[in-house]
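Me: I would like to learn how to read a protein model feature by feature. Could you walk me through one?

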Amino acid sequence: MLRHYRDFQSGFKDWNQRKHAKKWLLFPQNLGSRLSIDQTSLSHGELYTILTNKAAKGGKGSIVAIVAGTKAETVIEIIRKIPESLRKKVSEITLDMAGSMTVRRRGNDR
């Protein structure tokens, strides 16, 4: 029954993020002007970086991105998939200054 739902009714096979879902998920429609970025460890020790929209206050539409791992370069690569016009609307990003989020800025990177 569960397999039938997944394969035929849920739309999972046609999901546009299916191919990369184990590495990253991106929800640009949830992007806001004030974001928060944090790392979390799941039950088997997997580390993920989560970018959230503060305006959603943890509710529906909070998650902007989930990226496997905590390397800044990897997170930046995924965030850059969001159109620049949307990224320019961000005015604030709060983070806890984890060592993995330290990265050198180049020029006008945003």
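Reply: Happy to; we will go through the sheet, the core, one asparagine, the loops and the charged pairs. Keep in mind that this is a predicted model.

Me: Let's begin with the sheet. In what order do the five strands stand, and is the sheet open or closed?

Reply: A good habit is to write down the order of the strands across the sheet. Here the sheet is open, its five strands follow the order E1-E4-E3-E2-E5, and the pairing is mixed. E1 and strand E5 (92–94) are at the edges with a single partner strand each, so one side of each has no neighbour in the sheet. On average, neighbouring strands are turned by 15 degrees against each other, direction ignored.

Me: How many bridges join E2 to E3, and do these strands run parallel or antiparallel?

Reply: For any pair, look at the direction and the bridges together. E2 and E3 run antiparallel and are joined by seven bridges. Within that pair, Leu-35 stands opposite Asn-53 in E3. The two strands form a hairpin with five residues between them, and Gly-45 in the turn has a positive phi of about 85 degrees.

Me: And what about the strands that pair with E4?

Reply: E4 has E3 on one side, an antiparallel pairing over five bridges. In that pairing, Tyr-48 stands opposite Ala-68 in E4. E1 is also antiparallel to E4, with three bridges joining them. Leu-26 has Ala-65 in E4 as its bridge partner. Then there is a helix to place: H2 packs on the sheet and touches E1, E2, E3 and E4, its direction making about 135 degrees with that of E4.

Me: Which residues have the most contacts inside the largest nonpolar core?

Reply: To read a core, ask which residues make it up and then which elements supply them. The largest nonpolar core here has 14 residues, and those with the most contacts inside it are Leu-26, Leu-31, Leu-35, Leu-51, Val-64, Ile-79 and Ile-82. Two or more residues come from each of strand E1 (24–26), strand E2 (34–41), E4 and helix H2 (72–79). Ile-82 makes a good place to zoom in: beyond residues up to four places away in sequence, Ile-82 touches Leu-26, Pro-28, Leu-31, Val-64 and Arg-87.

Me: You mentioned Asn-53 opposite Leu-35. Is Asn-53 buried or exposed?

Reply: Accessibility is the place to start, and the polar side chain can be followed from there. Asn-53 lies in strand E3 and counts as buried because its relative accessible area is 11%, below the 20% limit for that class. The side chain of Asn-53 reaches the backbone nitrogen of Ala-55 at 2.9 Å. Setting aside neighbours within four places in sequence, Asn-53 has contacts with Asn-30, Leu-31, Gly-32, Arg-34, Leu-35, Gly-61, Ser-62 and Val-64.

Me: Which backbone angle of Lys-57 deserves a look?

Reply: Backbone angles are worth checking in loops too. Lys-57 has a positive phi of about 50 degrees although it is not a glycine. Lys-57 sits in the loop between strand E3 (47–53) and strand E4 (63–68). With a relative accessible area of 75%, Lys-57 is exposed.

Me: Now the charges. How many salt bridges does the count give?

Reply: Side chains of opposite charge can pair when their charged atoms come close. In this model the count comes to three salt bridges. One of them joins Glu-92 and Arg-34, with the closest N and O atoms 3.4 Å apart. That pair links distant parts of the chain, since Glu-92 is in strand E5 and Arg-34 in strand E2, 58 residues apart. Both partners are partly exposed, Glu-92 at 31% relative accessible area and Arg-34 at 39%.

Me: Which residues are linked in a network of salt bridges?

Reply: When you find a salt bridge, check whether a partner takes part in another. Glu-92 also forms a salt bridge with Lys-54, the closest N and O atoms being 3.2 Å apart. Lys-54 lies in the loop between E3 and E4, 38 residues from Glu-92, and is partly exposed at 25%. Arg-34, Lys-54 and Glu-92 are thus linked in a network. A further salt bridge joins Glu-84 and Lys-88 at 3.6 Å between the closest N and O atoms; Glu-84 is partly exposed, with a relative accessible area of 44%.

How values were computed: Residues numbered from 1 in each chain as written. Predicted model: local features only at pLDDT ≥ 70, side-chain atom pairs only at ≥ 80, totals over all residues. Heavy atoms only, no water. Helix = DSSP H or I, 4+ residues; strand = E, 2+ residues; numbered from the N terminus. Buried < 20%, exposed > 50% of the residue type's maximum accessible area, 1.4 Å probe, protein only. Polar contact = N/O pair within 3.5 Å; in protein donor to acceptor, adjacent residues only side chain to side chain. Contact = heavy atoms within 4.5 Å. Core = buried A, V, L, I, M, F, W, Y, C linked by side-chain atoms within 4.5 Å. Pairing = 2+ DSSP bridges. Axes fitted to C-alpha atoms, helices over the stretch in contact; angles between N-to-C directions. Salt bridge = Lys/Arg side-chain N within 4 Å of Asp/Glu carboxyl O.
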